[in-house]
Amino acid sequence: MSSITQNTQIKLIARPQGAPTAELFKVETQPVPKIETGQFLVKQSHMSLDPAMLGWMSADRDSYIPPVELNDVMRSSGYAEVIESQHPDFAVGDSVTGMFGWQEYAVSNGQGINKVDPSLPADMVLSVLALPGLTATQGLLRMAQPKSGDTLVVTGAAGSVGSIVGQLAKAKGLRVIGVVGSDDKADWIVNILGFDGAINYKTDNLNEKLTELTPDGIDLFFENTGGPIQSLIFQRMNAHGQIIVCGMIADYTVAEPAPGPNWINIIKKRLTIQGFTMPDHFHEVPQILELLVPFVQKGQIQYRSHTLKGLTSAIGGLNLLFTGGNQGKLIVEL
Ligand SMILES: NC(=O)c1ccc[n+]([C@@H]2O[C@H](COP(=O)([O-])OP(=O)(O)OC[C@H]3O[C@@H](n4cnc5c(N)ncnc54)[C@H](OP(=O)(O)O)[C@@H]3O)[C@@H](O)[C@H]2O)c1
C-alpha cells in the first residue's frame, strides 16, 4: 500500500468562448481514492494536450464524444505507471497509457488502458505510438489509398499528426507538400523530415506557391486545419482524388465556422471525401500499430515533442495549439 494521500486535479468549471483561458479551470486537492478488487491506481508522469480537448470542453452534445461535465476533472490521455493493483492483468510497475485526465493519480478498472513497453521514452510513446501516430496511420494508410508517385498535400504539417502523415507518405513514395504556420516549421519538415516542399500559410502567396509546388495537381489531401488554403487545395484536386478530413483547428476557436468550398468539384473531379475520428477505431489499435511500427523500426518516423513542466502548466499551455506556439507534440510532464 502506498503512502500517497493527496491528488492534485484540474477541473473544468466553465465553457470556452473561443480560445481556452485560465478562468475555465480550477485546481483542487482531493484524497487519493482507495482501490477495490478489479481496480488499480496509477501515477501519471506525462499528459498529452490535444486540439480536440477544446471540443470536449464545449457544451456540444452532438459530437462523437460527450462533453466534459462542469466540475469534472479535465479529460486527457496520458502515460502512467501502476503503483497499486488489485487487478489480475495489471501489476505494480507496468507502464500504461489511457484517459487519466488532468490529475496526478487515477484509479482505473483497465477499460481503455494499453500497456506499453517501459523501455520506450514516454514522450516517444505519446508523440508517435499513441494518438498522433494512430491517427496518421488510420487516416493515410487505412482510409486513403496512397500510391507511389502521387502528390499529397497535408495541412498542420509540422504538427504531431501532420508530421507523421507526411513521413509515412514519403516512405510510400509520394511527393509530399506540407502547409505550416512558420518558417522554422517549414525548414523542419523539408530539411529534417524530407518533405518535397512547404507552404507558410501566414506569409506565402498561397495560390502561387501551391501551383508551383504541385505542378501535376493534387491526388491526396490530408486536412488537419481548414483555413483559407482549403479552397485552393480543393481547386487543384485531380480526377478521382481523395480528401481525408482529420481536423479543422482553424474553426475550433471561432464563433462561425468558415464556409467550405463549393461542391461542384466533387462531381467534376469525382472526389472522395472522408471524415474520421479515432475513438471509432480504438478497438483496432493492434491492427493500426501493426502498420505503423515497421516504419518506426526502420527509422522512417522522426518526431519532436514540446514539453511543459508541471501539472498546472496545462492550463496556459493548451492555447499553444491554437496560436501555433507548439513545436511538435504538446506534452505536460508532471
Ligand atoms: N480525427 C481525429 O481523430 C483526430 C485525432 C487527432 C488530431 N486530430 C486533429 O488533427 C489536427 C492536428 O492535431 P495535432 O494534435 O497534430 O496538433 P498539432 O498539429 O501538433 O498542433 C496544432 C497546430 O495547428 C496549427 N494551427 C492552429 N491554428 C491554426 C489555424 N487557424 N490555421 C491553420 N493551422 C492552425 C498550428 O500549427 P502552425 O504553426 O503550422 O499553424 C498548431 O501548432 C487538429 O485539427 C486535431 O483536432 C484529429
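Sorted by class, the shell around the ligand holds 14 nonpolar, 10 polar and 1 charged residues. Here Ala, Val, Leu, Ile, Met, Phe, Trp, Tyr, Cys and Pro count as nonpolar, Asp, Glu, Lys and Arg as charged, and the others, Gly among them, as polar. This is a predicted model, in which local features need pLDDT of at least 70 and side-chain atom pairs pLDDT 80 or more, while totals for chains, interfaces and linings use all residues. Residues are numbered from 1 along each chain as its sequence is written, and side-chain values use heavy atoms, with hydrogens and water left out.

Let's look at the ligand's surroundings. Of its 25 shell residues (those with a heavy atom within 4 Å), K185, Y201, N224, Y252 and N326 come nearest. Y201 places a polar side-chain atom 2.6 Å from a ligand oxygen, a polar contact being a pair of N or O atoms within 3.5 Å. The backbone takes part too: an N or O atom of M278 lies 2.8 Å from an oxygen atom of the ligand, and one of C246 lies 2.9 Å from a ligand nitrogen. The protein covers 91% of the 900 Å² of accessible area that the ligand has on its own (Shrake-Rupley method, 1.4 Å probe).

Where does the ligand lie relative to the domains? Domain 1 (6-119 + 304-333) and domain 2 (132-279) both contribute to its shell, so the ligand sits between them; the bounds come from an automatic or database assignment.

Now turn to the strands (DSSP E runs of at least two residues). Six of them form an open sheet in the order 10-9-8-11-12-13, with parallel pairing; pairing requires at least two DSSP bridges. Strand 8 (residues 151-155) and strand 11 (residues 218-223) are joined by 3 bridges, and V153 has F221 as its bridge partner in strand 11.

Methods: Polar contact = N/O pair within 3.5 Å; in protein donor to acceptor, adjacent residues only side chain to side chain. Helix = DSSP H or I, 4+ residues; strand = E, 2+ residues; numbered from the N terminus.
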